Every structure is written in C-alpha cells, then in structure tokens.
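User: I have just opened this model and would like to know how its labels are reached. Please take me through the reasoning step by step.

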Amino acid sequence: MFIRRGREADLPQVLALIQELAEYEKAADQVTNTLADMQRDGFGPEPIFGFFVALEVPEGPIVGIALYYTAYSTWKGRMLFLEDLVVTEPMRGTGLGRRLFEAVVAEARHSGAHRLKWQVLEWNEPAIGFYKKLGANLDPEWHNGNLTAEQIQQFPCDPAIEAAVREVA
C-alpha cells in the first residue's frame, strides 16, 4: 500500500470516493461539490485544502483519501481539520485508514499545528471504534452548527456590514 500527497489529476477519483462516502452516510443527494470546484479550491491561486491518497500499487487506482484543511483556534492557534477519511469498502480493515490518518498527523506536525480535529457521526460505530483504537479523544460535549448555502444567502445582514466585507475582499 502506498500513501502520497494528492495531485490535481487525482480529483475525479477523489470526488468519486466522496460520493461513495455520502452514499454510506445515507446522504448521496447532498453532495453538491464539483470537479471544477475542487480544482479551483485545491489547486487554484489560493488552495484551501490538501489531501493524501492511498493506492494498492504505485499509479494504481485510488482506494482511500484523507482530505484536510488548515483552520484556526482562538485558544490554540493553527490547527488542521480532517474533513474526510475514506477507504473503499473492500480495503477497510487492511490498515489503510491508519496510514492515511498518520499522513495527516505528520502534516499537522510538519505545519506546526497545535491541534488536529475531525468529526464522526454518532451512529458510525466502525469509525468511532477506529478513532478510539488510535487513542483519539471523542468529545461528547460539543454540538456541530452549520448554515446551508441557502441559509447563508437568506441570512439578514446589516448593509453596513456587507459593505465592510466587500471592502476587505
């Protein structure tokens, strides 16, 4: 098994794995990300995510991914957020997930991150077991908040704030 940093040419396979994960999480209809979005966001002038890929053989098909981005904690400073760790179903249980996780830990160490964070669905017992086996802390005290794209567009903001944001951008 081989782990390497992701390349732009990997994105079609990466997006397919993201869609496989969404199906596993019973949310296939919620994936709106596109190949063009991923090319812009991962390989454009200001990349906002990175990823590692896993292959059974060099230059073979991708059988796992770990996608992360840099975030910031007001208490700790720089941190990495592991957005998704996906291993194809036939490759689960082979140690591939651990190797991908290790790549993200090494990236966190290399980048000077003070924390590595991720989320796991409360019903995903295999993933919970995986992270517990690694010695990770799973915090039951925090709730996840989010706004959808539609809610962001409809959210009432003071016009002066909107103008101030446009000036900075």
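**From values to labels**

User: Why is Glu 59 called exposed?

Analyst: Its relative accessible area is 62%. Exposed means over 50%, buried under 20% and partly exposed in between, using a 1.4 Å probe and protein chains only. Glu 59 therefore counts as exposed. A word on the source: this is a predicted model, in which local features need pLDDT of at least 70 and side-chain atom pairs pLDDT 80 or more, while totals for chains, interfaces and linings use all residues. Residues are numbered from 1 along each chain as its sequence is written, and side-chain values use heavy atoms, leaving out hydrogens and water.

User: Where does Glu 59 lie, and what is notable about its phi?

Analyst: Glu 59 is in the loop between E2 and E3. Here helices (H or I, at least four residues) and strands (E, at least two) are DSSP runs, numbered from the N terminus. Phi of Glu 59 is near 65 degrees, a positive value. Most residues other than glycine have a negative phi. Lys 26 is another non-glycine residue with a positive phi, of about 60 degrees; it sits in the loop between H1 and helix H2 (35-43) and is exposed at 68%.

User: Why is Asp 10 called buried?

Analyst: Its relative accessible area is 5%, so Asp 10 falls on the buried side of the cut-off. Asp 10 lies in the loop between strand E1 (2-5) and helix H1 (11-24). Beyond residues up to four places away in sequence, Asp 10 touches Arg 4, Arg 5, Phe 51, Val 53 and Ile 62; contact means heavy atoms within 4.5 Å.

User: What makes a group of residues a nonpolar core?

Analyst: Its members are buried Ala, Val, Leu, Ile, Met, Phe, Trp, Tyr and Cys residues joined through side-chain atoms within 4.5 Å. The largest such core here has 19 residues, and those touching the most other members are Phe 52, Leu 82, Leu 96, Leu 100, Val 104 and Tyr 131. Strands E2 (50-55), E3 (62-73) and E4 (77-87), together with helices H3 (96-111) and H4 (125-133), each give two or more residues. H3 gives the most, six residues. A separate core of 15 residues includes Leu 17, Leu 21, Ile 62 and Leu 67.

User: How many aromatic pairs are there, and how do you know that Phe 52 and Tyr 68 are stacked?

Analyst: There are ten aromatic pairs in the whole structure. Rings of Phe, Tyr and Trp (its six-membered ring) pair if their centres lie within 6.5 Å; planes under 30 degrees apart count as stacked, over 60 as edge-to-face and the rest as tilted. Phe 52 and Tyr 68 are 5.7 Å apart centre to centre with 25 degrees between the planes, which fits stacked. Phe 52 in strand E2 and Tyr 68 in strand E3 are 16 residues apart, and both residues are buried.

User: What makes Phe 130 and Tyr 131 an edge-to-face pair?

Analyst: Their centres are 5.1 Å apart and their planes meet at 70 degrees, matching edge-to-face. At 23% relative accessibility Phe 130 counts as partly exposed, whereas Tyr 131, at 6%, counts as buried. Ring pairs link these two residues with Phe 101 and Trp 118 in a cluster.
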